[in-house]
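Reader: I'm new to reading protein models, and I'd like to look hard at one part instead of skimming everything. Could you walk me through the pocket lining and then show me how the rest of the chain fits around that picture?

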Amino acid sequence: MLARLQQRIVFTLALAAVAWVTAALAADLPAIALIGAVLLLFGHAAVLGFEFLLMSRINRRDNVPRPRPLQVLRAWMAESLIAPQVFCWRQPFRSGAVPDAPQPIGRRGVVFVHGFVCNRGLWTPWLLRLRERGTPFVAVNLEPVFASIDDYVPLIEQAVQRIAAGTGMAPLIVAHSMGGLAVRAWLAHSQGDERVHHVITIGTPHRGTFLGMAARSINTRQMHLGSPWLQQLAARELPERAARFTCFFGHCDNIVFPASTATLPGADNRHIAGCAHVQMAFHDDVFSEVERRLDAVERD
């Protein structure tokens with residue numbers, strides 16, 4: 001469903017750009033044609049810029065290292081470049097390009113859980129990398145897109161069952177943004193601690209995000225700072241469960257801020273400097289941690 005929606009958005013933007021440029025050139029206004037095309041195709045950078053400004057202001061009151069202006073600028077530029085790759089290409093047109101590979105037996109597998117307004121296409125670079133090294137994996141699609149986070153529990157359960165059946169081992173789970181909350185909801189519902197080897201979250205609003213104040217859908221309201229849903233989730237969790245988590249967070253995360261809300265008390269919380277929200281999902285530190293845990297199993 002999300003892929004079809006994003007396909008329509010991409011085609012609409014492309015047609016609008018062509019129509020604008022055609023009309024402006026017909027009126028002998030080449031500068032207007034160029035300006036209009038740039039605004040239509042790269043207007044997302046302005047929206048991201050507002051997020052970074054808001055993030056910088058809110059993070060002043062947080063107990064994380066304050067980013068340098070150059071770090072924020074570089075993070076904004078990187079996010080502006082990666083966003084079209086993810087939301088205008090991988091997710092709408094390439095979400096099924098790398099099919100799940102839940103085997104072979106005897107090798108630790110990975111379950112990937114994406115975040116809000118994403119699908120499994122987000123993970124394409126990861127899936128290609130794991131396929132090259134022969135690592136089993138399953139990547140879920142969390143739909144309906146605007147449902148309660150609790151509604152995603154059966155999807156994660158199915159993915160864990162598939163990878164465990166194919167490999168004979170409990171999987172490593174890698175989750176981005178809202179996906180980390182969906183994994184925590186699954187653990188709370190199933191009490192499946194022994195069915196997962198470890199959980200790595202990337203930019204997950206474990207304690208909510210300031211942007212939740214603009215929430216409209218059920219799942220975004222659940223991600224508001226200190227929301228009742230987050231409090232109820234925390235109350236259902238076993239105290240020792242956090243030790244199974246490694247949580248990557250950053251002071252340039254333009255979606256989850258204050259930055260410290262992406263940490264989980266009792267977990268291995270790791271700060272990534274100068275890295276934006278989607279960009280963080282592909283950071284070398286995250287790749288290295290996943291591969292380190294997989295390699296440790298293979299050495300054993």
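Author: Let's start with the walls. In this predicted model, five helices each give two or more residues to the lining of the largest pocket: H1 (2-26), H2 (30-42), H3 (44-58), H4 (69-93) and H10 (277-280). H1 hands over the largest share, seven residues. The space they help to line has a volume of about 1,200 Å³. In total, 41 residues line it, and if you want to find the middle, look for Glu51, Phe87, Phe116, Val117 and Ile255, which are the closest to the centre. What sort of residues make up the lining, by class? You get 27 nonpolar, 11 polar and three charged ones.

Now hop over to the second largest pocket, with a volume of about 220 Å³. Its lining has 14 residues, and Arg184, Ala234, Glu237, Leu264 and Pro265 sit nearest the centre. Here helix H9 (residues 228-236) gives the most, with three residues. By class, this lining splits into eight nonpolar, two polar and four charged residues.

Keep your eye on two of those names, Arg184 and Glu237, which are both among the residues nearest the centre of the second largest pocket. Their side chains meet in a salt bridge, with N and O 2.8 Å apart. Along the chain the partners are 53 residues apart: Glu237 is in the loop between H9 and strand E5 (245-249), while Arg184 belongs to helix H7 (residues 178-190). Are they buried or exposed? The cut-off for buried is under 20% relative accessible area. Glu237 comes in at 18%, so it counts as buried. Arg184 has just 2%, so it is buried too.

If you're wondering about the pairing itself, side chains of opposite charge can pair when their charged atoms come close.

There's another pair that involves the loop between H9 and E5. Asp193 and Arg241 also join their side chains in a salt bridge, again with 2.8 Å from N to O. Asp193 lies in the loop between H7 and strand E4 (198-202) and Arg241 in the loop between H9 and E5, so this bridge ties together parts that are 48 residues apart in sequence. Both Asp193 and Arg241 are buried.

Arg241 turns up again when you look at Ala188, a residue of helix H7. Leaving out residues up to four places away in sequence, Ala188 touches Leu233, Arg236 and Arg241. Take Arg236: its C-alpha is 6.1 Å from that of Ala188, although the two are 48 residues apart in sequence. Ala188 has a relative accessible area of 7%, so it is buried.

Next, try Val256, which you'll find in the loop between E5 and strand E6 (268-271). With 1% relative accessibility, Val256 counts as buried. What does Val256 contact, once neighbours within four places in sequence are set aside? Its partners are Gly203, Thr204, Pro205, Gly208, Thr209, Thr261, Ala262 and His277. You can also check Ser177: its C-alpha is 8.0 Å from that of Val256, with their positions 79 residues apart along the chain.

Back to salt bridges for a moment. The whole structure has 12 of them. One links Arg129 to Glu291, with the closest N and O atoms 3.1 Å apart. Arg129 is in helix H5 (residues 124-133) and Glu291 in helix H11 (residues 284-299), so the bridge connects parts that are 162 residues apart in sequence. Arg129 has 34% relative accessibility, so it counts as partly exposed. Elsewhere, five residues are linked in a network of salt bridges: Asp268, Arg270, Glu289, Arg292 and Arg293.

Finally, zoom out. The protein has 11 helices and six strands. Its radius of gyration is 20 Å, close to the 19 Å that the globule rule gives for 300 residues, so the protein is as compact as a globular protein of that length. Along the principal axes, the C-alpha atoms fill a box of roughly 70 × 45 × 35 Å. Of the 300 residues, 52% are buried. And among contacts with a separation of 6 or more, 75% are between residues 24 or more positions apart. The pairs you met earlier, such as Glu237 with Arg184, give you a place to see distant parts of the chain linked.

Methods: Residues are numbered from 1 along each chain as its sequence is written. This is a predicted model: local features need pLDDT of at least 70, side-chain atom pairs count only at pLDDT 80 or more; totals for chains, interfaces and linings use all residues. Side-chain values use heavy atoms; hydrogens and water are left out. On a 1 Å grid over the protein atoms alone, a cavity is a set of points where a 1.4 Å probe fits but cannot get out, and a pocket is an open set with protein on both sides within 12 Å along at least five of seven lines; lining residues have an atom within 4 Å of a point. Grid points are joined across faces, edges and corners, and a volume is the space filled by probe spheres set on the points. Helices (H or I, at least four residues) and strands (E, at least two) are DSSP runs, numbered from the N terminus. Ala, Val, Leu, Ile, Met, Phe, Trp, Tyr, Cys and Pro count as nonpolar, Asp, Glu, Lys and Arg as charged, and the others, Gly among them, as polar. A salt bridge is a side-chain nitrogen of Lys or Arg within 4 Å of a carboxyl oxygen of Asp or Glu. Buried means under 20% relative accessible area, exposed over 50%, partly exposed in between (1.4 Å probe, protein chains only). The radius of gyration is taken over C-alpha atoms; the globule rule is 2.2 Å times the number of residues to the power 0.38. Contact means heavy atoms within 4.5 Å.
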